[in-house]
Amino acid sequence: IVTLKEGKKLEGNILSETPTSIRMRYHLTPKIWDEKDFQRSEIAEIIKQKPEEVELIELKKFVPTADLLTAEKYEQLIQDRLRPFLNRYPGTKEAAEVEKMMSEVQLEKEKVVAGGAKLEGKWLTREEAKAEALNIKAYSLRGAMEEKIDAKDYLGALREFDKLTDPRSANIV
């Protein structure tokens, strides 16, 4: 994080540094990156984060976990995200935090394997999940529609909507 003397804060990566300037790649807007040289005389403060601190921020986006994850998705999160972090940064305070996250994710995975389901942040037992099967399916389809809409795949979103009433897919609600 680079704070300019004018008060503006820029978050990004420092690409290079000299005694008189830094070159930084930063967010111009939430989705647009820019690259620019800044004179040290323009800079009030530079806050550098360790790589594990930056990665931990990204990992925290996955916990608490999303609704209706499958056991495979939980395992994928553990194997592809959490375990590699622990292998890269063993013994750090960030690794201790990720170990707690991994325990939480593992417990949730076990609930799913036992037949439970997480819906709107609350856990349903196997029996409750069976009783709410149609609502869970509709909620899942709504989530799929929203993902398609966010990706600007409107035709895909309409196809997900059609599944709500398609007798061939046994999703009549």
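Which residues lie nearest the centre of the largest pocket? They are Glu11, Gly12, Asn13, Gln49 and Val54, and the full lining counts 16 residues. Please keep in mind as you read that this is a predicted model.

## Two pockets

Let us stay with the largest pocket for a moment. Strand 3 (12–17), strand 4 (21–27) and helix 1 (51–59) are the elements that each give two or more residues to the lining of the largest pocket. The space in this pocket comes to about 490 Å³. Sorted by class, its lining holds nine nonpolar, four polar and three charged residues.

The second largest pocket has about 350 Å³ of space. Its lining is made up of 15 residues, and Asp67, Ser140, Gly143, Ala144 and Glu147 are the closest to its centre. Helix 5 (residues 133–150) supplies the largest share of this lining, with nine residues. As for the classes, six of the lining residues are nonpolar, two are polar and seven are charged.

Here are the two pockets side by side:

| Pocket | Volume | Lining by class |
|---|---|---|
| Largest pocket | about 490 Å³ | nine nonpolar, four polar, three charged residues |
| Second largest pocket | about 350 Å³ | six nonpolar, two polar, seven charged residues |

## Nonpolar cores

Next comes the interior. The largest nonpolar core has 17 residues, and Leu59, Leu82, Val98, Met101 and Val105 are those with the most contacts inside it. Helix 1, helix 2 (71–88) and helix 3 (93–113) are the elements that give two or more residues to this core. Helix 2 provides the largest share, seven residues.

Leu59 is a good residue to select in your viewer. If its neighbours within four places in sequence are set aside, Leu59 is in contact with Arg81, Leu82, Phe85, Val98 and Met101. Another core, of eight residues, lies apart from the largest one, and its members include Leu4, Ile22, Tyr26 and Ile43.

## Aromatic pairs

How many aromatic pairs does a search of the whole structure find? The search finds two. One of them joins Phe85 and Tyr89: the ring centres are 4.9 Å apart and the planes meet at 55°, so this pair counts as tilted. That angle falls between the cut-offs of 30 degrees for stacked and 60 for edge-to-face pairs. Phe85 and Tyr89 are both buried, and Phe85 is also one of the contacts of Leu59.

## Backbone details

A few places along the backbone may also catch your eye. The peptide bond that leads from Val63 to Pro64 is cis, and its omega is near 5°. Pro64 sits in the loop between helix 1 and helix 2.

That loop between helix 1 and helix 2 also holds Leu68. Leu68 is not a glycine, yet its phi is positive, near 55°. Is Leu68 buried, exposed or partly exposed? With a relative accessible area of 24%, Leu68 is partly exposed, because buried would require a value under 20% and exposed one over 50%.

Lys152 is another residue that has a positive phi without being a glycine, in this case about 60°. Its place is the loop between helix 5 and helix 6 (154–162). The relative accessibility of Lys152 is 62%, so it counts as exposed.

Notes
Residues are numbered from 1 along each chain as its sequence is written. This is a predicted model: local features need pLDDT of at least 70, side-chain atom pairs count only at pLDDT 80 or more; totals for chains, interfaces and linings use all residues. Side-chain values use heavy atoms; hydrogens and water are left out. On a 1 Å grid over the protein atoms alone, a cavity is a set of points where a 1.4 Å probe fits but cannot get out, and a pocket is an open set with protein on both sides within 12 Å along at least five of seven lines; lining residues have an atom within 4 Å of a point. Grid points are joined across faces, edges and corners, and a volume is the space filled by probe spheres set on the points. Helices (H or I, at least four residues) and strands (E, at least two) are DSSP runs, numbered from the N terminus. Ala, Val, Leu, Ile, Met, Phe, Trp, Tyr, Cys and Pro count as nonpolar, Asp, Glu, Lys and Arg as charged, and the others, Gly among them, as polar. A nonpolar core is a set of buried Ala, Val, Leu, Ile, Met, Phe, Trp, Tyr and Cys residues joined through side-chain atoms within 4.5 Å. Buried means under 20% relative accessible area, exposed over 50%, partly exposed in between (1.4 Å probe, protein chains only). Contact means heavy atoms within 4.5 Å. Rings of Phe, Tyr and Trp (its six-membered ring) pair if their centres lie within 6.5 Å; planes under 30 degrees apart count as stacked, over 60 as edge-to-face and the rest as tilted.
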